[in-house]
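Trainee: I have the sequence and the model open side by side. Could we walk through the fold together, one question at a time?

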Amino acid sequence: SIPLGYFGGIGAASKNGILFKGSNYLDLMTKIDTVVMDKTGTLTEGVFEVQEIKVTGLEQTEFLALTAALESKSTHPIALAVVAYAGNSYKQKNVANVEEVSGHGLKGMVDDKLLLAGNGKLLKKFQVSYPAEIDSIVETIVLVAINGNYAGYITIADKIKEDAKAAVQQLHQLGIQSIVMLSGDKDSIVQKVAKSLQIDQAFGGLLPEDKVNKVEALKQKGKTVAFVGDGINDAPVLSLADVGLAMGGLGSDAAIETADVIIQNDQPSKIGTAIKIGKSTNWVVW
Ligand code: ADP
Ligand code: MG
């Protein structure tokens with residue numbers, strides 16, 4: 001390939017929709033041996049759709065309205081799906097004291113009721129028990145508790161991005177030693193996605209601080225790590241990695257601000273493109 005000059009590399013990247021916040025990161029991309037990726041919004045579309053609703057003890061429309069009212073205070077992709085599905089039904093509800101419990105879900109008051117909406121860990125954290133068979137559902141699921149009692153669940157599905165498999169393949173071809181996926185989603189889904197994408201190692205059920213610890217451990221082992229993410233919760237791990245790349249389309253503002261590199265159209269195949277541009281950049285041009 002044609003050697004690119006100092007600014008040429010940055011320019012070539014930007015023409016490909018990859019914004020580097022400094023040319024040092026373009027150089028660093030060529031030294032990466034481990035690529036760590038988030039799942040939701042990075043390797044999957046991050047656009048969820050409601051599949052099934054199972055309610056116990058109240059009307060489904062009321063259940064959905066209460067849940068959507070709470071989720072309307074969150075920008076998480078899961079929340080967007082629930083709100084979109086609920087239509088206008090939740091808009092009359094009064095929502096207060098909403099807390100986003102990182103890696104778990106939401107807690108808040110809707111009208112006169114205390115609601116929890118999130119994963120099994122969230123309900124366990126607040127000592128709300130729910131039917132054991134729910135833990136074996138192999139889908140992303142939002143469990144809901146009302147006034148301390150389990151009230152039902154909503155299952156939602158996401159799609160793997162079209163170029164995700166080719167992106168992982170290309171990273172292997174470019175000599176990346178290890179491709180790792182970290183996710184807060186359930187481990188059963190995470191392992192399924194990892195297997196279908198031929199990702200070397202995958203960990204599910206992680207809290208944001210667990211992601212930080214995993215990347216820290218890799219760096220301690222002397223690995224040069226790129227982290228690719230999109231999430232509200234990914235900022236700490238983006239700044240810890242040797243190079244932090246954020247998905248710019250769906251990505252949260254915090255992720256985009258903290259990242260060193262922005263992938264504008266959210267395609268995971270741009271990770272390999274960035275490495276290739278780095279490799280063809282002529283660093284001795286000055
Ligand atoms: P990831 O992007 O890897 O899934 P997050 O930390 O964003 O990681 O979320 C972890 C998990 O917490 C989600 O998979 C979901 O189960 C739960 N969760 C987070 N936010 C919400 C929300 N607004 N509504 C329901 N569940 C949520
Ligand atoms: Mg995420």
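Mentor: Happy to! This is a predicted model, and a good place to begin is the pair E2 and E9, which run parallel and share five bridges. In that pair, Thr34 has Ser178 of E9 as its bridge partner.

Trainee: Which residue of E11 is the bridge partner of Val35?

Mentor: E2 also pairs with E11, through four bridges and again in the parallel sense. Within that pairing, the partner of Val35 is Ala226.

Trainee: What is the order of strands in the open sheet of seven strands?

Mentor: We have just seen E2 paired with E9 and with E11, so to speak the middle of our walk. E11 is in turn joined to E12 (residues 243-247) by four bridges, running parallel, with Val228 partnered by Leu245. The pairing in the sheet as a whole is mixed, and the order reads E1-E13-E12-E11-E2-E9-E10.

Trainee: Which strands stand at the edges of that sheet?

Mentor: An edge strand has a single partner strand, so one side of it is left without a neighbour in the sheet. From one strand to the next, the twist averages 20 degrees. The two strands at the edges are E1 (18-20) and E10 (201-203).

Trainee: Is E2 mostly covered or mostly open, and how many of its residues are buried?

Mentor: Side chains in a regular strand alternate between the two faces of the sheet. In E2, Thr34, Val36 and Asp38 are buried on one side, and Val35 and Met37 are buried on the other. E2 is therefore mostly covered, and the number of buried residues is five of five.

Trainee: Which helix lies across E2, E9, E10 and E11?

Mentor: Two helices are worth finding here. H11 (residues 269-280) packs on the sheet by touching E1, E2, E11, E12 and E13 (261-263), and its direction makes about 50 degrees with that of E1. The helix you are asking about runs at about 160 degrees to E11, and it is H8 (residues 208-220).

Trainee: Now for the open sheet of six strands: which are its edge strands?

Mentor: The order in this sheet is E3-E8-E7-E6-E5-E4, with antiparallel pairing. The twist averages 20 degrees from one strand to the next. The strands that pair on one side only are E3 (49-55) and E4 (95-101).

Trainee: How many bridges join E5 to E6?

Mentor: E5 covers residues 105-110 and E6 covers residues 113-118, and the two run antiparallel. As an example of their pairing, Gly108 has Leu115 of E6 as its bridge partner. The number of bridges is six.

Trainee: Which residue of E8 stands opposite Thr140?

Mentor: E7 has partners on both sides to look at. It is joined to E6 by four antiparallel bridges, and there Ala117 stands opposite Val144. With E8, E7 pairs antiparallel over seven bridges, and the residue opposite Thr140 is Ile156.

Trainee: Which residue in the hairpin of E7 and E8 takes a positive phi?

Mentor: Look at the turn, where two residues lie between the strands. The phi in question is near 50 degrees, and the residue is Asn147.

Trainee: Why is E7 described as largely enclosed?

Mentor: On one side Thr140, Val142, Val144 and Ile146 are buried, and on the other Ile141, Leu143 and Ala145 are buried. E7 is largely enclosed by the rest of the structure because its buried residues number seven of seven.

Trainee: Which elements do the buried residues of H4 pack against?

Mentor: H4 (residues 77-86) lies across E3, E7 and E8, at about 75 degrees to E3. Its buried residues are Pro77, Ile78, Ala79, Ala81, Val82 and Ala86. They pack against E3, H3 (60-71), E7 and E8.

Trainee: Last one: between which domains does ligand 1 lie?

Mentor: There are 22 residues around ligand 1, and Thr40, His76, Gly105, Asn119 and Gly184 come nearest. H4, E5 and E6 each give two or more residues to this shell, which has six nonpolar, twelve polar and four charged residues. Both domains contribute to the shell, so ligand 1 lies between domain 1 (6-45 + 161-280) and domain 2 (49-157).

Key
Residues are numbered from 1 along each chain as its sequence is written. Chains are lettered from A and ligands numbered from 1 in the order in which they are written. This is a predicted model: local features need pLDDT of at least 70, side-chain atom pairs count only at pLDDT 80 or more; totals for chains, interfaces and linings use all residues. Two strands pair if DSSP finds at least two bridges between them. Axes are lines fitted to C-alpha atoms, for helices over the stretch in contact, and angles run from 0 to 180 degrees between N-to-C directions. Two residues are in contact if their C-beta atoms, placed from the backbone, lie within 7 Å. A residue is near a molecule or strand if its C-beta atom, placed from the backbone, lies within 6 Å of it. Ala, Val, Leu, Ile, Met, Phe, Trp, Tyr, Cys and Pro count as nonpolar, Asp, Glu, Lys and Arg as charged, and the others, Gly among them, as polar. Domain bounds come from an automatic or database domain assignment. A residue is buried if 20 or more other C-beta atoms lie within 10 Å of its own, exposed if 12 or fewer, and partly exposed in between; C-beta atoms are placed from the backbone.
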